[in-house]
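Here are some short exercises on side-chain contacts, each with a worked solution. Keep the viewer open and follow along at your own pace.

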Amino acid sequence: MRPRPSHFRQKYVPAMPDLAVEILSPTDTLSEVRRKARIYLANGTSLVWIILPDEKSAEVCRADDDGDMTIEFVGRDGKLSGEAILPGFTLGIERLFEIV
């Protein structure tokens, strides 16, 4: 985890994770969760996965070279990758939604 920038307000965690995972809950809007992803990325997080339970899919968010957030949609048959954060790690979207 990276140290918290000095301009951070107290309500946030003291350090940002390298990878953040947000799950869209029935009480959240996608725009609210994307706003959180932008905060993570602007403050040191490298990768944010937004899990979309209703669609059984995910969005992968990264900061581009200009600091803007890019979003990659990963559908039901896709896989999430740990990229440079968790080299070699992959997780099939279908595994997130298996019924036990």
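A salt bridge here is a side-chain nitrogen of Lys or Arg within 4 Å of a carboxyl oxygen of Asp or Glu. Please keep in mind that the model is predicted.

**Exercise 1. Test E98 and R95 against the salt-bridge cut-off, then classify the accessibility of each.**

Step 1. The closest N and O atoms of E98 and R95 are 3.4 Å apart. The cut-off is within 4 Å, and E98 and R95 do form a salt bridge.

Step 2. Exposed means over 50% relative accessible area, buried means under 20%, and partly exposed is in between. R95 has 52%, so R95 is exposed. E98 has 48%, so E98 counts as partly exposed.

A word of background: side chains of opposite charge can pair when their charged atoms come close.

**Exercise 2. Find where E22 and K36 sit in the chain, and decide whether each is buried or partly exposed.**

Step 1. Begin with the contact: a salt bridge joins the side chains of E22 and K36, at 3.7 Å from N to O.

Step 2. Now place the partners. E22 belongs to strand β3 (residues 19-23) and K36 to helix α1 (residues 30-42). With their positions 14 residues apart, the pair links distant parts of the chain.

Step 3. Finally, look at accessibility. The relative accessible area of E22 is 12%, so E22 is buried. K36 is partly exposed, because its relative accessibility is 32%.

**Exercise 3. Describe the R62 and E83 contact and the network to which these residues belong.**

Step 1. The side chains of R62 and E83 meet in a salt bridge of 2.5 Å, N to O.

Step 2. R62 is in strand β5 (residues 57-63), while E83 is in the loop between β7 and β8, so their contact ties together parts 21 residues apart in sequence.

Step 3. R62 is partly exposed at 23% relative accessible area. E83 also counts as partly exposed, at 32%.

Step 4. Add E72: a network of salt bridges links R62, E72 and E83. For the whole structure, the search finds five salt bridges.

**Exercise 4. Work out why the rings of W49 and F89 count as stacked.**

Step 1. The count gives one aromatic pair. The ring centres of W49 and F89 are 6.3 Å apart and the planes are at 20°, so the pair is stacked; the limit for stacking is under 30 degrees.

Step 2. W49 lies in strand β4 (residues 47-52) and F89 in the loop between β7 (79-81) and β8 (90-92), 40 residues apart.

Step 3. W49 is buried at 6% relative accessibility, whereas F89 is partly exposed at 35%.

Terms used:
Residues numbered from 1 in each chain as written. Predicted model: local features only at pLDDT ≥ 70, side-chain atom pairs only at ≥ 80, totals over all residues. Heavy atoms only, no water. Phe/Tyr/Trp six-rings, centres within 6.5 Å; stacked < 30°, edge-to-face > 60°. Helix = DSSP H or I, 4+ residues; strand = E, 2+ residues; numbered from the N terminus. Buried < 20%, exposed > 50% of the residue type's maximum accessible area, 1.4 Å probe, protein only.
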